[in-house]
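Colleague: Got a minute? I'm new to this one and would like a quick tour of the inside.
Modeller: Sure, let's bring it up.

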Amino acid sequence: MSPKHRITTALTATAVGVLAAATVGAGGAMAAPPAGAGTTELRVATYNLSLNRNAEGQLVTDLSTTTNAQAKTVAEIIQRVNPDVVLLNEFDFVEGGVAADLFRENYLELSQGGADPVVYPYAYVAESNTGIASGFDLNNNGVVADTVGQPGYGDDAFGFGAFPGQFGMAVLSKYPIDTDAVRTFQKFLWKDMPGALLPDDPNTAAPADWYSAEELDVFRLSSKSHWDVPIDVNGRTVHALVSHPTPPTFDGAEDRNGKRNHDEIRFWADYVTPGTTARYITDDAGATGGLEPGESFVILGDQNADPLDGDSVAAAIDQLLDHPRITDPQPMSAGAAEASVLQAGANLTHRGDPSTDTADFNDNPAPGNLRADYVLPSKDLSVRGAGVFWPVQADPLSALTGTFPFPSSDHRLVWVDVKVRG
């Protein structure tokens, strides 16, 4: 992808403070799939590929070469699955889509391990709440950490991160993204969700008072962001509803992260519910309400919640899995089932089907492997297939997933094939 073929369109901030976003076109040999009136088989995937870095600018440095071992490995996994649309979680935000450009040009568009290159002419990136200083003592340790590098900085940021944009996300697509219709909800306030599970300080008598009134006036629901990214699939719009809720851990008895995780998941359940349920939702441009009835969508992301195991609030992910407008294809892999047996530990006490696990977490003492990553299409998109890229150890491709320390990520790519009617 040469610079003359790269197209960047910035969605600039408005007077109401909408975040700056960028849509980047990655030129190359492969054009957008042709338009047609029939049905389209669409493969949609989510992948927490752990391409976050510990220092600002390091991801650009690493992706500016063609030799970064981890980037080559996660790129090969994407090439072998070859999704048409893929959400990348834990991909540091870099203004102007620079990191997304470099990842496509230097890794996805070059063969990795003998796999065919894959070209994504369209990408969407935007700011993340991670590492943005709140100016408040959100972890209640008596210190306001508002300077990058200061101990506790991540805990006092709007979303955990050592610097602005760490653990961000990006959407890559072979089909055109309708950038004018993208909605972002980065700045939506948690307190504005009716019945929000606001955490309580167990050391006081007052209810739901972990955060002060002043903190709640600025505290954002999304630990990264929530985006509604409309994609034109041969004349039919499919909304990619993407996010990455905070892990329901790294807190105390107040369970502030667990409750936030629950409500970040609830956001999409409300957003796709017809009627007045989504009336409270306001996007970063000031528009209100949720998705129109009859619109096609796929909810994507590392939701950090397992239906039966782990530390999430009870039934947090069930808000999506049991939703009347959503299909749960239950992607599986033989590698996940094998890993549960081989790694044992906490996995031995799990209630869920280990073949649906998507994340290889610490087994001793907890939490063990979990189903954390989801591709959930609307019921009008008929499911044709689904899977998790987690090969068994006898498969040579298992070298791409490996064991700790992982050559790629502690998460696995999850994909679903759906039929989109023209």
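**Cores, rings and empty space**

Modeller: Keep in mind that this is a predicted model. Start with the largest nonpolar core, which has 32 residues. F267, Y271, I299 and L320 have the most contacts inside it.

Colleague: Which elements each supply at least two residues of this core?
Modeller: They are α6, β10 (296-302), α7 (318-321) and β11 (373-377). The largest share comes from α6, with five residues.

Colleague: What does F267 touch?
Modeller: Leaving out residues up to four places away in sequence, F267 touches F185, F188, M193, L221, H226, Y280 and I281. There is also another core, apart from the largest one, with 31 residues. L49, L51, V81 and L400 are among them.

Colleague: Lots of rings in that list. How many aromatic pairs does the structure hold?
Modeller: It holds 15. Take F91 and F103: their pair is tilted, at 5.9 Å centre to centre and 55° between the planes.

Colleague: Why does that pair tie together parts 12 residues apart in sequence?
Modeller: Because F91 lies in the loop between β4 (85-89) and α3 (98-108), while F103 is in helix α3.

Colleague: Are F91 and F103 buried or exposed?
Modeller: Both are buried.

Colleague: And which residues form one aromatic cluster?
Modeller: F185, F188, F267, W268, Y271 and Y280 do.

Colleague: Switching to empty space. How many cavities of 30 Å³ or more does a search of the whole structure find?
Modeller: Two. The largest cavity holds about 60 Å³ of space. Its lining is L42, V44, V85, I231, V233, V238, H239, A240 and V298.

Colleague: Which element gives the largest share of that lining?
Modeller: That is β9, with three residues. By class, the lining of the largest cavity has eight nonpolar residues, one polar and no charged.

Colleague: And the second largest cavity?
Modeller: About 40 Å³ of space. F91 is one of the residues that line it, along with D92, F93, V94, G97, A99, A100, V125 and M169. Seven of the lining residues are nonpolar, one is polar and one is charged.

Colleague: Now pockets. What is the volume of the largest pocket?
Modeller: About 870 Å³. It is lined by 44 residues, and T246, P247, T249, F250 and N304 lie nearest its centre.

Colleague: Which element gives the most to that lining?
Modeller: α6 does, with three residues. Remember that α6 also gives the largest share of the largest nonpolar core.

Colleague: What classes line the pocket?
Modeller: The lining of the largest pocket has 16 nonpolar, 17 polar and 11 charged residues.

Key. Residues numbered from 1 in each chain as written. Predicted model: local features only at pLDDT ≥ 70, side-chain atom pairs only at ≥ 80, totals over all residues. Heavy atoms only, no water. 1 Å grid on protein atoms, 1.4 Å probe; cavity = no way out; pocket = protein on both sides within 12 Å on 5 of 7 lines; lining within 4 Å. Points joined across faces, edges and corners; volume = space filled by probe spheres on them. Helix = DSSP H or I, 4+ residues; strand = E, 2+ residues; numbered from the N terminus. Nonpolar A, V, L, I, M, F, W, Y, C, P; charged D, E, K, R; others polar. Core = buried A, V, L, I, M, F, W, Y, C linked by side-chain atoms within 4.5 Å. Buried < 20%, exposed > 50% of the residue type's maximum accessible area, 1.4 Å probe, protein only. Contact = heavy atoms within 4.5 Å. Phe/Tyr/Trp six-rings, centres within 6.5 Å; stacked < 30°, edge-to-face > 60°.
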